[in-house]
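Here is a guided walk through one protein model, written for someone who likes cut-offs stated plainly. Please have the structure open beside the text.

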Amino acid sequence: MDVKKVTEKTIKEGGVQAMLYFDLHAASKEAAQQLGTGFVNHLIKTPGVIYALAEIDEPIGGEEGKNYSTSIAVKILTKDFLTLASLCLTHSPFNVEILKPDGIRLPLNEVHELLGIMAAATAEYKKYIISKIAKPEELEEMQRQLKIRAELGKKILEKKKGEE
């Protein structure tokens, strides 16, 4: 694979090349390296990822029963901004740097999809946090609000179908 040609072609077609920076922690030096390698292999297999090239730093730490830590710099090429944004939502890099293109223009349907993905991720985080700290009556109220929200969503979809 000619990386330069693939990169140029993908960028022309709406792709994004970026650097993603992650930190990983594990009980041993070997485990940190294996975790990093497995993580990068997972990124490579993600739909919409054209390639991912990674540098895994030498794990440090491990003194007095503490975990080893390492950082990973991943140069990644995705078919579109939506794929890159989804990776960031899913894997929470501690830094992101877009290398190419110089600007991002998104069609409205991709903006809607991205906002939907962000809203769903946020709702999952909220649900998880609330389920861990809420009292039973607060959980009941949350369930009631979710039912109302689902009904409102259903009405909006029905209204949109009627307008088409």
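Leaving aside its neighbours within four places in sequence, which residues is Thr83 in contact with? They are Pro47, Gly48, Val49 and Thr78, where contact means heavy atoms within 4.5 Å.

Before going further, a word on the source: this is a predicted model, in which local features need pLDDT of at least 70 and side-chain atom pairs count only at pLDDT 80 or more, while totals for chains, interfaces and linings use all residues. Residues are numbered from 1 along each chain as its sequence is written, and side-chain values use heavy atoms, with hydrogens and water left out.

**Around Thr83**

Thr83 sits in helix 3 (residues 81–91); helices (H or I, at least four residues) and strands (E, at least two) are DSSP runs, numbered from the N terminus. Thr83 counts as buried because its relative accessible area is 10%, given that buried means under 20% relative accessible area, exposed over 50%, and partly exposed in between (1.4 Å probe, protein chains only). The side chain of Thr83 also makes a polar contact of 2.6 Å with that of Asp80. A polar contact is a pair of N or O atoms within 3.5 Å; within protein, one must be able to donate a hydrogen and the other to accept it, and residues adjacent in sequence count only if both atoms are side-chain atoms.

**The nonpolar core**

The largest nonpolar core has 15 residues, and those touching the most other members are Leu20, Phe22, Leu43, Ile72, Val74, Ile76 and Leu84. At least two core residues come from each of strand 1 (16–26), helix 2 (29–45), strand 2 (49–56), strand 4 (68–78) and helix 3. Strand 1 supplies the largest share, 5 residues. Here a nonpolar core is a set of buried Ala, Val, Leu, Ile, Met, Phe, Trp, Tyr and Cys residues joined through side-chain atoms within 4.5 Å.

Phe22 is a good residue to click on. Not counting residues up to four places away in sequence, Phe22 touches Phe39, Leu43, Thr70, Ser71, Ile72, Val74, His91, Ser92, Pro93 and Phe94. His91 belongs to helix 3, and with the same kind of exclusion, residues up to four places away, His91 touches Phe22, Phe39, His42 and Leu43. The side chains of His91 and His42 are joined by a polar contact of 3.5 Å.

**Backbone points to check**

Two places deserve a look in the backbone. Most residues other than glycine have a negative phi, and most peptide bonds are trans. Ser92 is not a glycine, yet has a positive phi of about 50°; Ser92 is placed in the loop between helix 3 and strand 5. Lys100 and Pro101 are joined by a cis peptide bond, with omega about 0°, and Pro101 lies in the loop between strand 5 (95–100) and helix 4.

**Partly exposed residues**

The table gathers four residues that fall in the partly exposed class.

| Residue | Place | Relative accessible area |
|---|---|---|
| Leu35 | helix 2 | 40% |
| Ser92 | loop between helix 3 and strand 5 | 48% |
| Val111 | helix 4 | 27% |
| Gln145 | helix 5 | 45% |

Leu35 touches Leu24 and His25, not counting residues up to four places away in sequence. The C-alpha atoms of Leu35 and Lys5, 30 residues apart along the chain, are separated by 31 Å. For Val111 and Leu82, 29 residues apart along the chain, the C-alpha separation is 8.3 Å. Gln145 and Thr70 are 75 residues apart along the chain, and their C-alpha atoms are separated by 42 Å.

**The largest pocket**

Which residues line the largest pocket? The lining consists of Ala119, Thr122, Ala123, Glu124, Lys126, Lys127, Ile130, Met142, Gln145, Leu146 and Arg149. Helix 4 (108–133) and helix 5 (136–163) are the elements that give two or more residues to this lining, and helix 4 gives the most, with 7 residues. The volume of the largest pocket is about 280 Å³.

On a 1 Å grid over the protein atoms alone, a pocket is an open set of points where a 1.4 Å probe fits, with protein on both sides within 12 Å along at least five of seven lines; lining residues have an atom within 4 Å of a point. Grid points are joined across faces, edges and corners, and a volume is the space filled by probe spheres set on the points.
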